Amino acid sequence: MFGLGSFIKKMEITLSPIGTAKNKEQKHFGGWNDVATDLVIDEKYQDALAGLEDYSHLIVIYWMHDVKTCDIRHVPQGKIGEVPEVGIFACRCPQRPNPIGISTVKIISIKGAVIAVAGLDVIADTPILDIKPYTPQYDAARDAKVPDWVNKLDY
């Protein structure tokens with residue numbers, strides 16, 4: 001039997017942001033649907049946005065730069081007594097071993113190297129690592145199952 005350590009190879013990973021999220025949020029908790037955010041993409045990537053205007057939604061991958069701790073177990077949104085304590089990999093809470101976030105958002109407009117979106121759950125100046133168009137053939141999970149407590153969270 002192999003121990004888990006024999007399968008995990010330590011490596012250094014270097015990530016460089018492609019842009020920054022600009023909004024008025026300093027601290028926010030749930031209810032992100034109406035939050036407007038500009039994704040200010042580095043101008044050297046502006047040509048990479050060609051064709052994106054034909055999509056309605058975007059997947060944004062970002063670095064939660066304000067997260068300073070990692071919680072192995074967590075009560076989502078602090079709703080003690082309403083939802084169970086779960087492992088960090090069983091929730092979308094930010095206090096992760098690698099504070100990488102991913103969200104699907106609605107594209108409002110694209111002007112030059114700025115993509116205006118709605119519903120991105122980030123605070124101001126969050127580094128954007130990558131973006132991808134939302135494509136239902138790849139991204140929609142048919143017959144997805146979630147625990148009942150997830151419906152008690154604020155989105």
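Here are some questions and answers about how the labels on this predicted model are earned.

Q: What makes up the overall layout of the protein chain?
A: The protein chain has 8 strands and 1 helix. Read from the N terminus, the order is β-β-β-β-β-β-β-β-α.

Q: Why is Ile41 called buried or exposed?
A: Its relative accessible area is 4%, and buried means under 20%. Ile41 is therefore buried. You'll find Ile41 in strand β2, in contact with Ile18, Gly19, Leu49, Ala113 and Ile115, if you skip its neighbours within four places in sequence. Take Ile18, one of those partners: Ile41 and Ile18 are 23 residues apart along the chain, while their C-alpha atoms are separated by 5.8 Å.

Q: How do you know whether Ile13 is buried or exposed?
A: Look at its relative accessibility, which is 62%. The bar for exposed is over 50%, so Ile13 counts as exposed. Ile13 sits in the segment before β1 (19-22).

Q: What makes Ile13 part of a nonpolar patch, and which residues join it?
A: Its partners are Met11, Leu15 and Ile100, and together the four have about 420 Å² of accessible area on the surface. A patch takes residues with over 30% relative accessible area, and Ile13 has 62%, so Ile13 clears that bar.

Q: What makes a group of residues here a nonpolar core, and which residues have the most contacts inside the largest one?
A: To count, the residues have to be buried, of a nonpolar kind, and joined through side-chain atoms within 4.5 Å. The largest such set has 19 residues, and those with the most contacts inside it are Leu39, Leu58, Val60, Ile115, Leu120, Ile128 and Ile131. Two or more residues come from each of β2 (36-41), β3 (57-63), β6 (100-111), β7 (114-118) and β8 (127-133). The biggest giver is β3, with 3 residues.

Q: Which residues is Leu58 in contact with, beyond its neighbours within four places in sequence?
A: Quite a list: Leu39, Leu52, Ser103, Thr104, Val105, Ile107, Ile115, Val117, Ile131, Lys132, Pro133 and Tyr134. There's also a second, separate core of 9 residues, and Val75, Val86, Cys91 and Val150 are among them.

Q: Why is there no disulfide between Cys93 and Cys91?
A: The sulfur of Cys93 is 3.1 Å from the one in Cys91, its closest cysteine sulfur. A disulfide needs the two sulfurs within 2.5 Å, so this pair is too far apart for a bond. Searching the whole structure turns up 0 disulfides.

Q: Are Cys93 and Cys70 called buried or partly exposed, and why?
A: Cys93 has 7% relative accessibility, so it counts as buried, given the cut-off of under 20%. Cys70 comes in at 37%. Partly exposed covers the range between the 20% and 50% limits, so that's the label for Cys70.

Q: How do you know that Asp125 and Lys22 form a salt bridge?
A: Their closest N and O atoms are 2.5 Å apart, and the rule asks for within 4 Å. The pair therefore qualifies as a salt bridge. Asp125 is in the loop between β7 and β8 and Lys22 is in strand β1, so the bridge ties together parts 103 residues apart in sequence. Asp125, at 41% relative accessibility, is partly exposed, and Lys22, at 40%, is partly exposed too.

Q: What makes Arg73 and Glu85 a salt bridge?
A: Here the N to O distance is 2.9 Å, against a limit of 4 Å, so the label fits. Arg73 is in strand β4 (residues 73-74) and Glu85 is in the loop between β4 and β5 (86-87), 12 residues apart. Glu85 has 46% relative accessibility, so Glu85 counts as partly exposed. The count of salt bridges comes to 2.

Q: What makes the phi angles of Asp125 and Asp143 worth a look?
A: Phi of Asp125 is near 70°, a positive value in a residue other than glycine. Asp143 isn't a glycine either, and its phi is about 55°. Asp143 lies in the segment after α1 (136-139). With a relative accessible area of 81%, against a bar of over 50%, Asp143 is exposed.

Technical notes:
Residues numbered from 1 in each chain as written. Predicted model: local features only at pLDDT ≥ 70, side-chain atom pairs only at ≥ 80, totals over all residues. Heavy atoms only, no water. Buried < 20%, exposed > 50% of the residue type's maximum accessible area, 1.4 Å probe, protein only. Helix = DSSP H or I, 4+ residues; strand = E, 2+ residues; numbered from the N terminus. Contact = heavy atoms within 4.5 Å. Patch = residues over 30% accessible without salt bridge, like charges linked within 9 Å, V, L, I, M, F, W, Y side chains within 5 Å. Areas by Shrake-Rupley, 256 points an atom, 1.4 Å probe, with all protein chains shown as cover. Salt bridge = Lys/Arg side-chain N within 4 Å of Asp/Glu carboxyl O.
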